[in-house]
Structure formats: structure tokens, C-alpha cells
Amino acid sequence: NFNVNYVSAKFEITAAPLTVEITANGGSYGDVTAATAIAKDAQGEKVETQIVLTYTGQSNDGESYNDTVAPQKAGSYVVTATLTDGNYMLTGNSTATFTVSKARLAVEITTSAAYNGELQQATVKVTGGDESLYTLTNNGGTDVGNYPVSLTLQDTHNYVWYYNDAEFGGGTLTVNFNITIADNSVTVSGVNGWTYGEQAVIPSATATFGNATVMYSTAADGVYVTDVPVNAGTYFVKAVVAETANYRGAESKPQSFEIAKAQNGFVTHYERNDWTYGEAASKETLPTMNFGIPTVGYFTDEARTQPYTGDFNQYTPAGTYYVTVTVKGTNNYTEIVDETHSFTVDRATNEFVGSYERDGWTYGDAASAETLPTAKFGSVTVTYYTNAECTEPYLGTFGMSTAAGTYYAKVTVAETNNYTDLEATYSFTV
């Protein structure tokens with residue numbers, strides 16, 4: 001009944017639009033997390049479908065990358081999402097930046113140390129990798145100064161230094177290790193006094209650094225010198241170390257000590273032998289003593305109240321002389337006096353030298369000349385007598401008219417304290 005005309009038409013089912021949300025993740029070299037993605041429909045509901053993520057880009061070493069496996073080398077990449085199900089199509093942005101940063105090698109360095117007289121190096125601690133990843137130059141030094149510490153990366157593309165809360169670009173991190181001037185101290189021990197004249201007691205001084213010098217003064221806050229004191233008194237001692245480029249100067253607290261006054265004494269004693277008037281004086285031997293110079297005083301009385309100030313020689317008056325030896329005291333030693341010695345100048349025995357001589361003569365002739373003797377000491381006196389007993393003096397002169405007879409010449413020397421008297425009688429006849 002009808003003629004049927006068929007008309008063809010196209011029936012199309014279009015792909016459902018989806019959006020993709022990419023979580024890039026990423027990370028650092030050696031610790032990379034792959035990106036993730038989810039698909040959502042127009043109503044924002046999650047749609048379960050397969051999403052392929054492809055990574056493209058270039059690592060820091062210049063190598064190109066295009067793979068669905070997340071790259072591990074440090075570099076900058078783009079991750080692109082694609083769908084495998086043709087029933088869906090992606091709308092909107094389907095890419096994200098994927099970054100693999102350089103792995104941090106964290107560095108801790110001791111940057112300073114005080115001088116200690118020995119070789120010192122910085123203490124270096126590196127975390128985030130082993131020693132194969134870098135080279136270390138850490139020579140250090142002994143003296144005060146700056147010494148560079150260098151750390152050089154073997155792989156600068158994938159690693160970076162991290163120091164003092166900051167990343168350092170470049171392959172070498174250089175930090176100065178500073179050896180600073182050291183504090184110093186000095187002590188003195190064995191501070192003891194001594195007695196004047198004894199060997200000095202030298203204290204010992206010890207310093208943390210350097211050679212300590214022992215110094216002395218007469219006052220705690222006085223001027224100090226290195227000369228060891230000699231004289232008796234109270235002194236102060238301290239030790240001093242001069243400052244250098246490596247350590248500071250130091251000095252100890254003053255300590256006092258005393259050099260005591262010495263008790264003086266004789267070592268040997270005064271000596272002098274007796275002699276006889278007219279002889280050469282004997283030599284005296286002065287005493288020796290521990291300290292000082294002796295002064296010798298001579299006296300003519302034992303009480304030592306009458307000083308004798310003359311010389312001692314062959315004509316020193318006969319008698320006993322008393323000796324006082326004195327050494328005056330000083331601040332360093334006591335006074336000493338010795339009054340135990342004496343010597344005697346003995347009285348000399350006198351004697352004639354030669355004899356009286358006179359020839360007789362005849363009345364009326366001229367008188368003969370006489371020859372008088374001399375004496376060892378004193379003056380000779382002649383007295384004439386007319387009798388042998390020398391009781392009847394002849395007071396006249398001798399000449400041509402002298403009465404005939406025998407005459408007696410009495411020759412005498414008067415005694416003194418220094419020598420004995422002399423007397424001799426001679427005769428001649430007119």
C-alpha cells in the first residue's frame with residue numbers, strides 16, 4: 001500500500017569531556033616521587049579511567065628526556081596527561097611542571113678554634129651523601145690565621161651544597177677556618193726566702209703558652225726587673241709571659257718573700273807577734289769574716305779607753321798594746337767585735353858600742369884626746385872622779401896644768417821605758 005523511501009542519517013556519540021588534575025610531586029635527586037592524576041567530569045565527579053603521564057624535558061647535564069617513567073636526574077620537566085579511553089576527551093590544561101631538584105649535601109664546619117700550639121684542622125661533617133661525592137681540602141694550620149676549607153662536588157648536576165641554611169651554587173664551597181689568639185696563664189711555685197749571702201732560691205714558673213720570665217720588685221705594685229735581689233729585705237716575685245701573635249701575655253699575682261739579715265762571724269782571727277824595741281815591727285795578720293771589712297783599733301790600756309794612733313815600727317814605745325777588731329753591721333749582716341787580742345813591744349837591753357879610750361900624759365904636757373863610746377840606745381854621758389869609787393867628782397878641765405894623779409871616767413846612759421841603762425868606769429893617769 002505504500003512506497004517506502006528510506007532516508008539515511010548519522011547518529012554520533014561524542015566523547016565525554018573530562019578535566020584532569022595533576023599532582024606533580026617531583027622531589028630531589030635520589031628521592032623522586034612520580035606525578036599522579038585524576039579525571040573529573042563536568043560535574044566535578046571523579047571518573048575512573050586510565051590516565052597516561054608522559055615526562056618530557058632536559059636534565060641538568062643536558063640530556064633530553066621523554067618517558068612515562070618519572071625522571072630521576074635533577075632537571076626541569078613537563079608532565080603531560082593523556083587518556084587511553086576514546087570515550088573521554090580531555091579539556092582544559094593537561095600539563096604540569098615536574099621538577100627534580102639537586103640533592104642537598106648539608107655541611108657543618110667548625111669555623112674557629114683557639115691556638116693550642118699544635119696543628120689544628122676544621123671539623124667537617126657532611127650529611128646527605130658519602131665521601132665519594134666530594135673532595136675535601138682541609139689542611140689547617142698551627143699559628144693564628146685563616147685557613148681555607150674547600151669542598152668540591154664530583155657531580156654538580158645532581159648535588160648542591162647546603163650550608164648555614166642556604167644552598168650554594170657552584171661546585172666548590174670554601175669556608176675559612178680561623179685559628180684565634182689564645183688566652184694565656186702563668187703560675188709561680190717554690191717561692192721561698194733565704195739568708196743574705198746564701199745561694200738564692202729561684203722559683204719556677206709555668207705558662208700555658210710561651211716561656212715565663214721570673215721578675216722581682218721591692219713592692220707588689222712596683223717596677224719589676226729580672227735581676228735576682230741580693231740585699232736583705234722583703235721582695236715580691238711574679239712571672240710574666242710576653243704577648244705574641246699566637247697567645248696573649250699573662251702575669252701571675254705577686255708573691256712576697258724575705259732575704260733575712262745574716263749573722264756575721266769571724267772565720268780567722270787577728271794575729272801579731274811581740275817584738276823588742278829597736279827591732280823591726282812584726283807583721284800583723286788581719287782576720288777574715290763572713291761579711292764586711294774589719295777596722296782595727298789599738299789601745300795602750302786593757303780597758304781600751306786610751307787609743308794609740310802612732311805607727312808601729314822599731315821605735316814604737318815599749319809596752320802592751322790591746323787590739324779591737326770591729327766589723328760594722330749593715331742592713332745585710334750584724335756587727336761583730338773582737339777584743340781578745342794584744343801584743344807587746346818588749347823593753348830593749350841596752351849595750352855600748354865601743355869603749356872609752358884616753359891615754360895618760362905627763363904633768364906639763366898637753367892633755368890627750370879622749371874617745372867616747374856610743375850606745376845602742378840613748379846618749380852617753382861622761383863624769384870624772386878622783387877615786388875609784390866615783391864618789392869624789394872632778395869638776396875641773398883637763399890640760400897641761402891638770403894635777404898629777406889617777407882619774408876615773410864614768411860613762412853612763414840613763415834608762416827609759418824603752419831600754420835599760422848602761423854604766424862603765426875607765427881610768428887614765430896624769
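Lys253 sits out in the open: this residue counts as exposed, at a relative accessible area of 73%, where exposed means over 50%, buried under 20% and partly exposed in between (1.4 Å probe, protein chains only). The model is a predicted one, with local features needing pLDDT of at least 70 and side-chain atom pairs counting only at pLDDT 80 or more, while totals for chains, interfaces and linings use all residues. Residues are numbered from 1 along each chain as its sequence is written, and side-chain values use heavy atoms, with hydrogens and water left out.

Back to Lys253, which belongs to the loop linking strand 24 (250-251) and strand 25; strands here are DSSP runs of E, at least two residues long, numbered from the N terminus. Beyond its neighbours within four places in sequence, Lys253 has contacts (heavy atoms within 4.5 Å) with Val237 and Lys238. Ala220 is 33 residues away in sequence, yet the C-alpha to C-alpha separation from Lys253 is 8.9 Å.

The interior tells another story. The largest nonpolar core, meaning a set of buried Ala, Val, Leu, Ile, Met, Phe, Trp, Tyr and Cys residues joined through side-chain atoms within 4.5 Å, has 44 residues, and those touching the most other members are Leu105, Val107, Ile109, Leu151, Trp161 and Phe257. Among the elements giving two or more residues to this core are strand 11 (103-109), strand 15 (145-153), strand 23 (233-241) and strand 25 (255-260). Ile109 shows what such a position looks like: leaving out residues up to four places away in sequence, it touches Ala122, Thr123, Val124, Val149, Leu151, Tyr163 and Val175. Apart from the largest core lies another one, of 20 residues, including Val32, Val47, Ala70 and Ala81. In soluble globular proteins, nonpolar side chains tend to be buried together.

As for the strands themselves, strand 35 (residues 406-413) is mostly covered, with 6 of its 8 residues buried. Strand 35 pairs (DSSP finds at least two bridges between paired strands) with strand 34 (residues 381-385) in the antiparallel sense, over 5 bridges; here Thr383 has Lys410 as its bridge partner. Strand 36 (residues 422-429) also runs antiparallel to strand 35, joined by 8 bridges, and Val411 is matched with Ala424.

Elsewhere, an open sheet of 4 strands follows the order 5-4-1-9 with mixed pairing. Its edges are strand 5 (46-47) and strand 9 (88-90), each pairing on one side only. Strand 1 (residues 16-23) runs parallel to strand 9, with 3 bridges between them, and Ala16 stands opposite Tyr88.
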